[in-house]
Amino acid sequence: MDNIELRSRKVRRMIGPIPEKLFVSGVVVTVLIAVALIFALFCLTDPVDVNKKLFHIIISSLRL
């Protein structure tokens, strides 16, 4: 897609720019998934020890 200048005018017109709604919706979906994963880290607990959150388990495993 970097060599779009090498294509003919007809092909450039068919390809066209990325629709703005598609781009924005893709960014919104990506942000929502990231927020949901972060929320899950703070809300879900360890199945073995209900008092420990997954976030704390991950942080404690990173500390050597």
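**Briefing: a three-helix chain**

Buried residues (under 20% relative accessible area, 1.4 Å probe, protein chains only) make up 2% of the 64 residues in the chain. The model is predicted: local features need pLDDT of at least 70, side-chain atom pairs count only at pLDDT 80 or more, and totals for chains, interfaces and linings use all residues. Residues are numbered from 1 along each chain as its sequence is written, and side-chain values use heavy atoms, with hydrogens and water left out.

**Fold and surface**
- The chain has 3 helices and 0 strands (DSSP runs: H or I of at least four residues, E of at least two).
- Its elements run α-α-α from the N terminus on.
- The accessible surface (Shrake-Rupley method, 1.4 Å probe) is about 6200 Å², and carbon and sulfur atoms account for 69% of that.

**Asp-46**
- Asp-46 lies in the loop between α2 (20-43) and α3 (54-62).
- Asp-46 is buried but has no salt bridge (side-chain nitrogen of Lys or Arg within 4 Å of a carboxyl oxygen of Asp or Glu).
- Lys-52, the nearest side chain of opposite charge, is 5.8 Å from Asp-46.
- Beyond its neighbours within four places in sequence, Asp-46 is in contact (heavy atoms within 4.5 Å) with Lys-52 and Ile-57.

**Positive patch**
- Arg-9, Lys-10, Arg-12 and Arg-13 form a positive surface patch.
- Patch residues have over 30% relative accessible area and no salt bridge, with like charges joined within 9 Å; charges are placed at NZ of Lys and CZ of Arg.
- Lys-10 belongs to helix α1 (residues 9-15).
- Lys-10 is exposed (over 50%), with a relative accessible area of 66%.

Note on methods. Lys and Arg count as positive and Asp and Glu as negative; His and the chain ends are not counted. Patches are made of residues with over 30% relative accessible area and no salt bridge: like charges are joined within 9 Å, nonpolar side chains (Val, Leu, Ile, Met, Phe, Trp, Tyr) within 5 Å.
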